[in-house]
Amino acid sequence: MTTSVAITGTGLYTPPNAISNEELVAAFNSFVRRHNEAHSAEIAAGSMPALTESSVEFIVKASGIKSRYVIDKAGVLDPDTMTPRIPERPNDEISVLAEIGVAAAKQAMAQAGRGPADIDGVICAASNMQRAYPAMAIEIQFALGIEGYGFDMNVACSSATFGIQAAADMIRAGHARAILVVNPEICSGHLNFRDRDSHFIFGDVATAVLLEASDKATSPHAFEIVDTRLKTQFSNNIRNNFGFLNRCAPEGVGKTDKLFVQEGRKVFKEVVPMVSDMILAHAAERGIEPGALKRLWLHQANINMNDFIARRVLGRDPHPGESPVILDEYANTSSAGSIIAFHKYQDDLKAGDLGLICSFGAGYSAGTVIVRKMA
Ligand code: CO8
């Protein structure tokens with residue numbers, strides 16, 4: 001008989017520093033004014049375009065984002081630097097990415113009622129790893145005192161759902177009793193805070209989920225994984241070319257695509273149908289009426305996108321709380337977004353209730369995880 005797998009604990013680490021839209025836009029606009037003043041001659045001669053200011057109203061209307069948490073606030077808001085200042089740590093100290101991952105993982109373990117000795121593996125599934133190797137997952141595994149194995153995987157914003165399927169498959173196959181999937185996302189390190197189109201999009205956070213065989217679950221928070229589906233389809237519309245082969249590019253050549261860049265409109269238009277079709281097909285394959293999904297924990301990139309997807313899936317406007325939103329407070333936190341929503345908005349569900357965790361993002365990549373609340 002196939003082993004049934006459950007998510008028995010979730011954890012969330014929120015950095016202590018929040019940046020409001022007002023603070024972010026003030027810093028951006030101050031940079032724009034200084035830049036335009038410094039280049040007033042070129043701008044007047046028409047050899048350089050003037051930069052345009054950002055606006056709080058646009059950000060809220062276009063994205064639904066009102067605030068974001070970051071590891072370092074001062075560096076992001078300093079118009080001279082506009083980049084987080086996160087001091088490099090010596091190799092014998094835990095790295096920042098591992099540290100926030102461990103904080104989330106400890107909560108997930110506590111919620112599941114599991115200690116290091118009960119766990120056989122750690123997957124660090126995130127958009128941006130702090131280094132090439134050793135794997136972040138192995139550092140997290142070491143910090144938590146877990147035997148077994150760990151590895152990193154990156155499927156951009158879909159890393160968490162892809163990690164969940166990988167962990168569930170390994171538990172079903174008998175390779176592990178329990179696995180931690182950890183999603184530390186320091187998006188501020190890869191965001192171009194001088195780019196008007198995207199400076200407001202991302203925030204920093206870490207989430208974690210613990211998976212184990214359903215029949216071993218003792219946690220009152222357990223959700224059985226009914227089924228998972230993953231999909232990828234190549235697109236250049238969301239891209240980050242940071243990497244060791246690219247760092248030596250001549251100064252000025254392709255500089256801005258060493259950070260996050262996107263064609264936001266195209267992403268919106270192409271990803272919304274792809275994801276809603278995928279959810280509907282997955283539910284149909286399992287004989288589940290979309291209306292029977294009591295909760296949609298969707299990826300948190302854009303409020304309008306989530307409203308569209310929820311409406312297409314349910315065939316009506318979602319009721320309040322049916323498709324919870326966290327991006328107003330957290331912004332887009334890449335792979336962690338749907339897991340933050342799942343972590344914060346699950347306690348009212350009753351035994352037998354069905355829900356859906358869904359991610360989508362660069363690649364393109366999308367993942368759906370249908371879950372059922374256990375007793
Ligand atoms: N302030 C004021 N006006 C602005 C601003 C601003 N900051 N930015 C743009 N405008 C203006 C434009 O100039 C334009 O003006 P005009 O009409 O005169 O030309 C107007 O506003 C409209 O611009 P857009 O068409 O760009 O605006 P949209 O309504 O499309 O909204 C969004 C832009 C919010 C980006 C929207 O398109 C969107 O959310 N798209 C989907 C994006 C998405 O889901 N991306 C997925 C990214 S996640 C991922 O997978 C990557 C993982 C990487 C992780 C982390 C690394 C950092």
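In the predicted model, the side chain of Ser54 places an N or O atom 2.9 Å from a nitrogen atom of the ligand. Gln262 also makes a polar contact with a ligand nitrogen, through a polar side-chain atom at 2.8 Å. Asn302 approaches an oxygen atom of the ligand instead, with an N or O atom of its side chain at 2.7 Å. Taken alone, the ligand exposes 1200 Å², and 76% of that is buried by the protein.

The shell around the ligand holds 28 residues, of which Cys157, Gln262, Arg265, Asn302 and Ala362 come nearest. Gln262 and Asn302 thus appear both in this group and in the polar contacts described above, Gln262 with a nitrogen atom of the ligand and Asn302 with an oxygen atom. Helix 3 and helix 8 each supply at least two residues of the shell. The greatest contribution is that of helix 8, with four residues.

Asn302 has a further role in the local structure, as the cap at the N-terminal end of helix 9. One of its side-chain oxygens lies 2.7 Å from the backbone nitrogen of Asn304. Helix 9 itself runs from residue 303 to residue 314. Its twelve residues reach 16 Å from the first C-alpha to the last, close to the 16 Å expected at 1.5 Å a residue. The buried residues of helix 9 are Ile303, Met305, Asn306, Ile309, Ala310, Val313 and Leu314. Viewed down the helix axis, these buried residues fall within an arc of 155°, so they line one face of helix 9. Their cover includes helix 3 (56–63) and helix 8 (264–285), the two helices named above as suppliers of the ligand shell. Strand 11 (293–298), helix 10 (327–330) and strand 12 (354–361) are also among the elements that cover them. Just after helix 9, Gly315 takes a positive phi of about 75°.

Helix 5 comprises 17 residues, 96–112. From its first C-alpha to its last it reaches 25 Å, close to the 24 Å expected at 1.5 Å a residue. Buried residues in helix 5 include Val96, Leu97, Ala98, Ile100, Gly101 and Val102 in its earlier part, and Ala104, Ala105, Ala108, Met109 and Ala112 further along. Among the elements that cover them are strand 1 (5–13), helix 6 (136–144), strand 6 (178–186) and strand 7 (204–213). A glycine follows this helix as well: Gly113, just after helix 5, takes a positive phi of about 70°.

Technical notes. Residues numbered from 1 in each chain as written. Predicted model: local features only at pLDDT ≥ 70, side-chain atom pairs only at ≥ 80, totals over all residues. Heavy atoms only, no water. Expected span 1.5 Å × (residues − 1). Buried < 20%, exposed > 50% of the residue type's maximum accessible area, 1.4 Å probe, protein only. Arc of directions from axis to C-beta. Contact = heavy atoms within 4.5 Å. Polar contact = N/O pair within 3.5 Å; in protein donor to acceptor, adjacent residues only side chain to side chain. Near = heavy atom within 4 Å. Areas by Shrake-Rupley, 256 points an atom, 1.4 Å probe, with all protein chains shown as cover.
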